[in-house]
Amino acid sequence: MTASKRSLIPSFALGLLFGFGLCLSGMTQPPKVQGFLDIAGLWDPSLAFVMGGAVGIGMLAFFLSRRLERSLLGEPFSFSGDNGVDAQLLIGSAIFGVGWGLSGVCPGPAIVNLGLFDAKAAIFAAAMAAGMGLEKLFALRAHIKQPEEES
Amino acid sequence: MQIDWLHFSPWSALSGGALIGLAAGLCALLLGRVAGVSGILAGLIPPRPGDVAWRAAFIAGLLAAPAAFAMVHPLARPEFGSGPATLAVAGLLVGFGARLGSGCTSGHGVCGLSRLSLRSAVATATFMATAIVTVFLVRHVFQ
């Protein structure tokens, strides 16, 4: 059994759990997300609690992972160092933030909402996939290095 | 600043966040992978041989999540505040920007901050800042 096949069921279960958390947290509701980003209007601080809960549990797991040679399913860890800050990181993140603010949707909730067979969610998800494809072409033409696996 | 007490939902936010962190943490411990949704999806555009199955399975799990959630708790349909054209532009920016910046809210925000990555902290601060400015412009300047 290849590594990829062995991780098939855990991957599905983890996607399901991740999406379940997104539904419970309110992240799948664009107005809720924009309510958090709207600090000058009526501000809904809920998303700070989502982040707090996620990073609190996440820190524990990433701390534990440092004590292991390989993952519990025997895979090598694909995350390690910190590559430092560069213009590509800043420009990309800035562009991402504009799209996120404009719509109230980031990639996780975009896919979860697609699972509800919503027309607007489908438009967003298709455009997002196109944006990813465009970036790949742009990176190839501009000879920009693409990190293999970070996010 | 005025708090929106009507919509403030600390408990579902905190417990939903904890589930997200649990999924991301288990992804690291079991698969040795960072659960960054944009990175997992982008690996399928175009698909790379030998690396497709786990990515497709994770995305399938995300797609199945609302149906599973609706079995235990009522789930409201998403209400988009913007029209199709705006959503298309926003989607392009989200997809392009997340890849150029090598991460989104899950990869840099949840996983990056959890593993104390400076790079991810800078990315998170950057997209939070431009998202806040965008919402400010849309809601309070161009309205």
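**Exercise 1. A salt bridge inside chain A**

Find out how far apart in sequence the two partners of the salt bridge between the side chains of A:Asp44 and A:Lys32 lie, and place each in its element.

*Solution.* Begin with the pair itself: in this predicted model, the side chains of A:Asp44 and A:Lys32 meet in a salt bridge, with a distance of 2.9 Å from N to O. Next, locate the two residues, of which A:Asp44 sits in the loop between β1 and α4 (46-65) of chain A, while A:Lys32 belongs to helix α3 (residues 30-37) of chain A. The two are twelve residues apart, and the pair links distant parts of the chain. Finally, set this pair in context, since the count over all chains comes to seven salt bridges.

**Exercise 2. The make-up of the two chains**

Describe the order of helices and strands in chain A and in chain B.

*Solution.* First count the elements of chain A, which has seven helices and one strand, and then read them from the N terminus on, where they run α-α-α-β-α-α-α-α. Chain B comes to six helices and one strand, and its pattern along the sequence is β-α-α-α-α-α-α. As a last step, take the extent along the principal axes: the C-alpha atoms of chain A fill a box of roughly 50 × 40 × 35 Å, and those of chain B fill a box of roughly 50 × 35 × 35 Å.

**Exercise 3. The interface between the chains**

Work out how many residues each chain gives to the contact, what area is buried between them, and which element of chain B gives the most.

*Solution.* Start with the residues, of which chain B gives 115 and chain A gives 116. The size of an interface is often given as the accessible area lost when the parts come together. For chain B and chain A the buried area is about 10800 Å², and carbon and sulfur atoms give 73% of it. Then turn to the polar side of the contact, where 23 residue pairs across the interface are in polar contact, and where the count of salt bridges between the two chains is three. One of these joins the side chains of B:Arg139 and A:Asp38, at 3.0 Å from N to O. The elements that give two or more residues to the side of chain B that touches chain A include β1 (2-3), α1 (10-31) and α6 (118-141) of chain B. Among the elements of chain B, α1(B) gives the most to that side, with 21 residues. By kind, the residues of this side divide into 70 nonpolar, 35 polar and ten charged.

**Exercise 4. Strands that pair across the chains**

Determine in which sense strand β1 of chain A pairs with β1(B), parallel or antiparallel, and name the bridge partner of A:Leu42.

*Solution.* Strand β1 (residues 42-43) of chain A and β1(B) pair in the parallel sense, over two bridges. Within β1(B), the residue that partners A:Leu42 is B:Gln2.

**Exercise 5. Backbone geometry and confidence in chain B**

Identify the cis peptide bond that ends at B:Pro46, give the phi of B:Ser102, and state which elements of chain B have the lowest and highest confidence.

*Solution.* Most residues other than glycine have a negative phi, and most peptide bonds are trans. The bond from B:Ile45 to B:Pro46 is cis, with omega near -10°, and B:Pro46 lies in the loop between α2 and α3 of chain B. B:Ser102 has a phi near 45°, a positive value in a residue other than glycine, and its place is in the loop between α4 and α5 of chain B. For confidence, chain B averages a pLDDT of 94, and 100% of its residues score at least 70. The lowest confidence in chain B falls in β1(B), at a mean of 91, and the highest in α4(B), at 97. For the complex, the predictor gives an ipTM of 0.96 and a pTM of 0.94.

Definitions and conventions
Residues are numbered from 1 along each chain as its sequence is written. Chains are lettered from A and ligands numbered from 1 in the order in which they are written. This is a predicted model: local features need pLDDT of at least 70, side-chain atom pairs count only at pLDDT 80 or more; totals for chains, interfaces and linings use all residues. Side-chain values use heavy atoms; hydrogens and water are left out. Contact means heavy atoms within 4.5 Å. Buried area is the accessible area (1.4 Å probe) that two parts lose on being put together, summed over both. A salt bridge is a side-chain nitrogen of Lys or Arg within 4 Å of a carboxyl oxygen of Asp or Glu. A polar contact is a pair of N or O atoms within 3.5 Å; within protein, one must be able to donate a hydrogen and the other to accept it, and residues adjacent in sequence count only if both atoms are side-chain atoms. Helices (H or I, at least four residues) and strands (E, at least two) are DSSP runs, numbered from the N terminus. Ala, Val, Leu, Ile, Met, Phe, Trp, Tyr, Cys and Pro count as nonpolar, Asp, Glu, Lys and Arg as charged, and the others, Gly among them, as polar. Two strands pair if DSSP finds at least two bridges between them. pLDDT is the predictor's confidence in each residue, from 0 to 100.
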